[in-house]
Structure formats: structure tokens, C-alpha cells
Amino acid sequence: MEVVRRRNFGWPTMAVVLTCALLVMLPQVYSVRYIVGSRFGWTNSVNYTNWAKDKHFYNGDWLFFVYDRNQMNVLELNKTDYESCNTDHPLHNWTTGAGRDVVPLNVTKTYYFASGKGYCYGGMKVAIHVEKAPPPPKAAPVRSSSTNLLNSLKGQIMIPALFATAAAWDAFLLLW
């Protein structure tokens, strides 16, 4: 008869599980990853001015260029070169060779992107105005009454405690 021993990970594992559970419950700030041209990607059949006009780009967002790597590229230009489609001296060449290039929008300014090899003249260019992220909304004033205190306890203490307890119980069952 073979005896099967279970590993007992103990408190260090439990602490890691609880920490992860608490981190999941913390509010997060999200940046947005935009696929340039949406489902069409970076190609010569999209009006990128129309694509960008309804979008708000914020500091920390990302642009994802998807294109045919054998024909096109992604170049960052200054305003003058962008307007004249002069791609001879780009500020930055974001082309990695895979046709899947990611550009971080980490400066509040207007970025000018175009494809070289003559595609810019066909409209394959886009200007992206990056703004500061808007401030978070202000919280509504809290009224002091016993029902609000009870609701506050339910929302801020009870529900996270319930999730933490469930995570601890799952970890306990996993180790058992």
C-alpha cells in the first residue's frame, strides 16, 4: 500500500493568495490600446482622419499598427513633413519588421504618423492629439445616517471580506 503525502505550503502560500485577492479588489486606472484603423488596420483604404476624430487619446494610451510588413511602415513625422508627406527624415521609425507595431503615447502632444513608400500620398497618415488624462470624478457628499453607515460597511468592508474569505477557503482546499 502506497502512502500519498500532501504538501503543506502553510502561511506563506496563504499570504500570497490573500495579497493577490486584495490586489484584484483595488481600483485600477486603465489605458486604452487602439488598433489604428480598427478592423482594417494600417492600410491604404482607410480615412484615418475620420477614424481618429471621435476618439480621445490620453497620456498612457497605446497605438497598435497592424499592416503588411512587406509593403508598409510606420513613421513618426514632424507637422511640416506630415502635411507634405515627406517621409525621408522621420522623427522615429516605429517599424519593427513584424507588421505589428506598438507606439506608446506617453507625451502630451500631437503625434504625426505616416507610411512611407508613397502610401502617405494616398492618405495613409494620421495625426493623434494626446491630452492629459481627465481627473477622476468627484465623490458625492456622504450623508451621515445609520443606513448610510450600514451600506458603507456592506460595500467597503463586507464584500471585500467575503472575497478574501472565499480566496482563503479556496487556497485551504487546494492545500488540503
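Two strands count as paired if DSSP finds at least two bridges between them. Strand β2 (residues 57-58) meets that mark with β8: the two pair in the parallel sense over 2 bridges. Keep in mind that this is a predicted model. Here's a quick tour of its strands, its nonpolar cores and its disulfide.

**The open sheet**

- One open sheet has 3 strands in the order β1-β3-β6, and its pairing is mixed.
- β1 (33-35) and β6 (100-105) sit at the edges with a single partner strand each, so one side of each has no neighbour in the sheet.
- On average, neighbouring strands here are turned by 25° against each other, ignoring direction.
- Strand β3 (residues 61-66) and β6 run antiparallel, joined by 6 bridges.
- If you want a spot to look at in that pairing, Leu63 stands opposite Val103 in β6.

**Pairings with β8**

- In the parallel pairing of β2 and β8, Phe57 stands opposite Val130 in β8.
- β7 also pairs with β8, this time in the antiparallel sense and over 5 bridges.
- Tyr112 faces Ala127 of β8, standing opposite it.

**The cores**

- The largest nonpolar core holds 23 residues, and those with the most contacts inside it are Trp42, Phe57, Leu63, Phe65, Phe113 and Ile128.
- Elements giving two or more residues to this core are α2 (48-53), β3, β6, β7 (110-114) and β8 (125-131).
- Ile128 is a handy residue to click on: leaving out residues up to four places away in sequence, Ile128 touches Trp51, Ala52, Phe57, Leu63, Leu105, Lys109, Thr110, Tyr111 and Phe113.
- Another core, of 7 residues, lies apart from the largest one, and its members include Leu75, Cys85, Tyr112 and Cys120.

**The disulfide**

- Searching the whole structure turns up 1 disulfide.
- The partners are Cys85 and Cys120, with their sulfur atoms 2.1 Å apart.
- The link between Cys85 and Cys120 is left-handed, with -75° about the S-S bond.
- Cys85 is in the loop between α3 (79-84) and β5 (92-93), while Cys120 is in the loop between β7 and β8, so the pair ties together parts that are 35 residues apart in sequence.
- Both cysteines, Cys85 and Cys120, are buried, and both belong to the core of 7 residues.

Conventions: Residues are numbered from 1 along each chain as its sequence is written. This is a predicted model: local features need pLDDT of at least 70, side-chain atom pairs count only at pLDDT 80 or more; totals for chains, interfaces and linings use all residues. Side-chain values use heavy atoms; hydrogens and water are left out. Helices (H or I, at least four residues) and strands (E, at least two) are DSSP runs, numbered from the N terminus. Axes are lines fitted to C-alpha atoms, for helices over the stretch in contact, and angles run from 0 to 180 degrees between N-to-C directions. A nonpolar core is a set of buried Ala, Val, Leu, Ile, Met, Phe, Trp, Tyr and Cys residues joined through side-chain atoms within 4.5 Å. Buried means under 20% relative accessible area, exposed over 50%, partly exposed in between (1.4 Å probe, protein chains only). Contact means heavy atoms within 4.5 Å. A disulfide is a pair of cysteine sulfur atoms within 2.5 Å.
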